[in-house]
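Me: Please give me a close look at a single part of this model, written for someone who has not seen it before. I would like to know where that part sits, what surrounds it and how it relates to the rest of the chain.

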Amino acid sequence: MHEPLTAAEYKAIAADLQFPTNAFIDGTFKPASSGKTFKTKNPATGETLAKVAACDSTDVDFAVSKAREAFDDGRWRLQHPAERKAVLLKLAKLIERNRHELAVMESLDSGKPVRECQTVDVPDTIHTLRWHAELIDKLYDNTAPAGSNALTMIVREPIGVVGCVLPWNFPLLMLAWKIGPALAAGCSVVVKPAEDTTLTTLRVAELAHEAGIPAGVFNVVTGSGKDVGEPLGLHMDVDMVAFTGSTPTGRRFLRYAADSNLKKVVLECGGKNPAVVLDDAEDLDLVAEQVVNGAFWNMGENCSATSRLIVHSKVKDDLLKRIGAYLREWKTGDPLDPENRIGALVNKAHFDKVTSFLDDAKKEKLSVAHGGVTQNGAFVEPTVVDGVTTKSRLFQEEIFGPILSVTTFNTLSEAIALANDTNYGLTASVYTGSLRNAIKLSREIRAGVVTVNCFGEGDASTPFGGYKESGFGGRDKSVFAHDNYCELKTIWIDVSERSVDETIR
Ligand SMILES: NC(=O)C1=CN([C@@H]2O[C@H](COP(=O)(O)OP(=O)(O)OC[C@H]3O[C@@H](n4cnc5c(N)ncnc54)[C@H](OP(=O)(O)O)[C@@H]3O)[C@@H](O)[C@H]2O)C=CC1
Ligand SMILES: CCCCCC/C=C/C(=O)O
């Protein structure tokens with residue numbers, strides 16, 4: 001079903017694509033009220049793909065008012081849970097039916113390899129939506145042990161109008177991580193995709209409408225962070241913002257909430273994720289494969305990317321050799337060629353940011369064990385920089401590109417201290433043959449997701465989010481994400497003799 005096509009087939013799809021270019025508000029596509037547009041480009045070639053509506057606060061106000069209307073009249077939240085489930089399942093089906101088109105659109109707009117769009121982003125988007133749809137008619141509310149004089153119910157209610165602010169690195173998947181639980185809970189959403197990657201969000205909004213999500217429930221306002229993100233964050237009638245992106249922008253949303261209506265804010269921000277390899281790791285080939293995958297898939301443009309290899313000095317040289325061998329399979333180039341695993345970085349500014357870390361490696365006279373090569377001002381080959389110290393920017397800052405730093409240790413406590421020597425705490429992976437060491441490291445590393453003898457972000461059923469400056473306010477995925485989009489209400493009903501007597505009198 002999700003097997004890659006050939007490069008020629010992808011190019012044929014690309015040649016026929018129609019791009020949605022207007023905001024989607026109240027069930028219809030609309031140009032920006034100002035009439036302005038911005039160009040969205042293919043980062044691999046620099047060519048303009050489309051001119052998209054450059055919305056501003058007027059469009060945000062309009063979208064929020066329509067989302068509020070839809071929420072208040074209950075056209076979605078008051079539908080029977082089984083009906084809402086059926087609609088969300090239909091949306092998943094429509095995405096599946098249009099999977100090749102969406103994979104190509106995602107690849108063209110973001111520079112991601114189409115192979116991964118086809119085998120990860122699109123199928124995981126479908127799975128996420130199905131998972132949350134299936135939850136809708138299976139979640140029970142609670143009663144409290146209030147004794148025989150009262151019946152106390154603790155019920156979830158949808159929080160209201162939710163602003164979903166998305167990053168450019170997994171446009172479809174992060175959309176699903178937000179709208180899946182938000183729509184399942186019965187909320188209305190106003191989605192702000194990243195300016196670099198708006199196209200697939202608009203297409204999914206169109207499919208959502210076709211699936212039967214009522215007008216006003218799923219809105220998309222396109223435009224910049226300043227013109228659309230900020231008014232959404234400051235809006236007095238938005239009940240919650242669910243954000244994925246950088247930590248500095250996440251902080252802004254906390255300020256927007258404080259300066260407006262104290263809306264709930266859930267942040268999924270950056271990471272500087274370690275892979276800790278002990279000298280008792282059993283299979284260094286497997287470690288090499290997992291570290292390469294963790295560091296380089298999606299070009300390292302991934303908040304959960306393995307960014308720091310923290311390896312026992314005894315096994316470092318052997319492991320770096322094996323990593324080099326795996327990297328031979330990781331070709332860089334045309335994102336529409338399914339042979340390539342490394343595509344283009346999302347834009348020129350980001351390319352410059354990522355390559356500034358290569359300049360640092362040179363300045364610091366660090367040894368580049370693999371890669372270090374760029375192509376056409378848009379591509380960076382997978383790079384491994386050895387001998388990185390904790391003071392280096394390569395060790396401390398989120399690179400968000402295909403660069404892995406290597407640091408060695410000699411004792412377990414040194415490994416834990418290195419892993420935790422960061423302001424971030426999103427993910428970590430641990431490689432060891434000892435159950436005791438695996439448990440110790442998983443508990444001592446301060447991160448929201450720790451994987452043992454593998455790399456990954458878990459599946460739809462496991463929460464995803466970070467400690468420290470990696471996250472705030474809740475988790476994506478799982479039933480815990482559903483709870484993000486709900487208020488808890490206590491209903492206390494007096495059923496004592498006194499209340500019965502009073503009612504009768
Ligand atoms: N944790 C993660 O998954 C991500 C982390 N990053 C990190 O952030 C760095 C910068 O990437 P960038 O895309 O700029 O990430 P941002 O955090 O700036 O962008 C995330 C989202 O927030 C919006 N936004 C930007 N500025 C504001 C603002 N002032 N007010 C409200 N909304 C705003 C963006 O809109 P728009 O893009 O349209 O301006 C986008 O929709 C990357 O190099 C990487 O290190 C980036 C993306 C994802
Ligand atoms: C297959 C799961 C991919 C999850 C990627 C999670 C990344 C989140 C982010 O960068 O914000």
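Reply: A close look at one loop position

Gly111 is placed in the loop that runs between helix H4 and helix H5 (114-136). Helices (DSSP runs of H or I, at least four residues) and strands (runs of E, at least two) are numbered from the N terminus. The model is a predicted one, in which local features need pLDDT of at least 70 and side-chain atom pairs count only at pLDDT 80 or more, while totals for chains, interfaces and linings use all residues. Residues are numbered from 1 along each chain as its sequence is written, and chains are lettered from A and ligands numbered from 1 in the order in which they are written.

Directly after H4, the backbone of Gly111 adopts a positive phi of about 85°. Gly111 has 29 C-beta neighbours inside 10 Å and therefore counts as buried; that term requires 20 or more other C-beta atoms within 10 Å, whereas 12 or fewer make a residue exposed and values in between partly exposed, with C-beta atoms placed from the backbone. Apart from neighbours within four places in sequence, the contacts of Gly111 are Pro43, Ala44, Pro335, Gly343, Ala344, Leu345 and Val346. A contact means that two C-beta atoms, placed from the backbone, lie within 7 Å. Thr222, by comparison, is 111 residues from Gly111 in sequence, and their C-alpha atoms are 19 Å apart.

The preceding helix, H4, covers residues 99-110 and has 12 residues. From first C-alpha to last, H4 reaches 16 Å, close to the 16 Å expected at 1.5 Å a residue, where the expected span is 1.5 Å times one less than the number of residues. Nine of the 12 residues of H4 are buried, so the helix is largely enclosed by the rest of the structure. The buried residues are Leu102, Ala103, Val104, Met105, Glu106, Ser107, Leu108, Asp109 and Ser110.

The wider setting of this loop involves two domains. The chain is divided into domain 1 (7-38 + 47-269 + 470-490) and domain 2 (273-452), with bounds taken from an automatic or database domain assignment. Their centres, taken over C-alpha atoms, are separated by 31 Å. Across the boundary, 18 residues of domain 1 are in contact with 21 residues of domain 2. On the side of domain 1 that touches domain 2, the elements giving two or more residues are helix H1 (7-16), H4 and H5. Of these, H1 supplies the largest share, four residues.

The chain as a whole provides the background to this picture. It has 17 helices and 26 strands. Its radius of gyration is 24 Å, close to the 23 Å that the globule rule gives for 505 residues, so the chain is as compact as a globular protein of that length. That radius is taken over C-alpha atoms, and the rule is 2.2 Å times the number of residues to the power 0.38. Buried residues make up 52% of the 505 residues. Among contacts between residues at least 6 apart in sequence, 73% join residues at least 24 apart.

A record adds one further point of reference. The unreviewed UniProt entry lists Glu268 for "active site"; UniProt positions follow the numbering used here, feature names are shortened, and annotations may be inferred rather than shown by experiment. Glu268 lies in strand E11 (residues 264-268). With 28 C-beta neighbours inside 10 Å, Glu268 also counts as buried.
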